[in-house]
Amino acid sequence: MSLAKAKLGVDQNVKSRDVILKRFWQKAKVREAISGYLFMAPTILVLGTFLIAPIIYAIFLSFHKVEILGGLSYRFVELKNFLRTFDDERVWIALKNTIEYVIIVVPCQTILALVLALVLNKEIKGKKWFRIIFFLPTVTSSAVLTLIFIWIYNSNGLLNGLLDFFGLPTYNWLGDPSVALKSIMIMNIWSTAPFFMVIYLAALQDIPRSVYEAAKLDGANEFDQFINITVPLLKPVTFFVMVMGIIGTFQLFDQSYIFSGGTGGPNNSTLTVVLLIYQYAFRSLDMGYAAALALMLAGVILVTTLIQRGFFREEKAN
């Protein structure tokens, strides 16, 4: 009997110790979680104040008619702000200009960035200086670049002077509706390609040289190596470059604003979706409708990115 009681006492002690240890670890995990959230609190506060809260407020505004003058007031209008976009001719003009801009600029800047990266990846003299020179447009203020290009695009500017010198036709780059948007495209391709060039260059330098050497031994020339080795291995980087390019081009605002003085002219040829949102929000003071346009633009960018992601997944699966 005494032996059984002793064994029972030992079992109870073990159970008590396990319970104590379990409670201790639970308290330790709670303390660890609290400490982690305390360290994250400043970041959460900043993100919540300047990112999450504005998004929630924009969603709220998109379902309301907002009156600013004479006191701030909100009137719930259901989906009228979203349905209004289908009858707004300027929305379709801005969307057409933006899509045309995206379709031309994103492939051109991607190809140019890849070509520049391939050149700088070769063993050429002074390539460090070339990298610095090529990257200068990226670190220059977008507003400053736009003002410089306005001077270049002037009727008596540098570009028309060069075209006239070589006997080529000159254009009214800023005042002709048929070429005004193209002039912004040229400027943006030139200024954004160097940023993506650096990304491609880093990816190219990560490809093992042994892969190219093995292909060379098998009789592959440089073009075969580029098509069968470089391009497939750069697909994740190309996806990133194109997604970032699409997001950036859909958000075109400052160049169009400066070129046209905020009007989107001439004849709405440089009007983009973001510039139109700005006009409705800060000129017409139609905040609810501007918020609805902003949400629809975010949806277009999201859908475009998902389609592109699915395309790259299919390519990878094949």
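Arg84 sits over the face of Tyr289, and the distance to the ring centre is 3.8 Å. I should say at once that the model is a predicted one, and that every value I quote is computed from it.

Let me stay with aromatic rings. Across the whole structure, a search returns 15 aromatic pairs. One of them joins Phe149 and Tyr153, with 5.6 Å between the centres and 55° between the planes, a tilted arrangement. Such a pair is described by exactly these two quantities, the distance of the centres and the angle of the planes. Both residues belong to helix α5, which covers residues 142-153, and they are four residues apart, about one turn of the helix. In general, an α-helix has 3.6 residues a turn, so residues three or four places apart point the same way.

Are these two rings buried or exposed? Phe149 has a relative accessibility of 10% and counts as buried, because the cut-off is under 20%. Tyr153, at 2%, is buried as well. The pair also belongs to a cluster linked by ring pairs, made up of Phe149, Tyr153, Tyr171, Trp173, Trp190 and Phe259.

I turn now to helix packing. Helix α3, residues 89-120, packs with helix α10, residues 235-250, at an angle of about 145°, and the axes are 9 Å apart. The crossing of α3 and α10 is right-handed. Which residues of the two helices meet? From α3 they are Thr98, Tyr101, Val102, Val105, Val106, Gln109 and Thr110, and from α10 they are Val241, Met242, Gly245, Ile246, Thr249 and Phe250. Sorted by class, this contact of α3 with α10 comprises eight nonpolar and five polar residues, with no charged ones.

Ala113 is also part of helix α3. Its relative accessible area is 0%, so Ala113 is buried. What does Ala113 touch, once its neighbours within four places in sequence are left aside? The contacts are Ala193, Phe196, Met197 and Tyr200. As for Leu233, that residue lies 120 residues from Ala113 in sequence and 16 Å from Ala113 in space, C-alpha to C-alpha.

Finally, helix α12, residues 273-282. Eight of its 10 residues are buried, and α12 is therefore largely enclosed by the rest of the structure. The buried residues of α12 are Val273, Val274, Leu275, Leu276, Ile277, Gln279, Tyr280 and Ala281.

Notes:
Residues are numbered from 1 along each chain as its sequence is written. This is a predicted model: local features need pLDDT of at least 70, side-chain atom pairs count only at pLDDT 80 or more; totals for chains, interfaces and linings use all residues. Side-chain values use heavy atoms; hydrogens and water are left out. Axes are lines fitted to C-alpha atoms, for helices over the stretch in contact, and angles run from 0 to 180 degrees between N-to-C directions. A crossing is left-handed if the near helix is turned anticlockwise from the far one by less than a right angle, and right-handed if clockwise. Contact means heavy atoms within 4.5 Å. Ala, Val, Leu, Ile, Met, Phe, Trp, Tyr, Cys and Pro count as nonpolar, Asp, Glu, Lys and Arg as charged, and the others, Gly among them, as polar. Rings of Phe, Tyr and Trp (its six-membered ring) pair if their centres lie within 6.5 Å; planes under 30 degrees apart count as stacked, over 60 as edge-to-face and the rest as tilted. Buried means under 20% relative accessible area, exposed over 50%, partly exposed in between (1.4 Å probe, protein chains only). A charge sits over a ring if NZ of Lys or CZ of Arg is within 6 Å of the ring centre and within 35 degrees of the ring normal.
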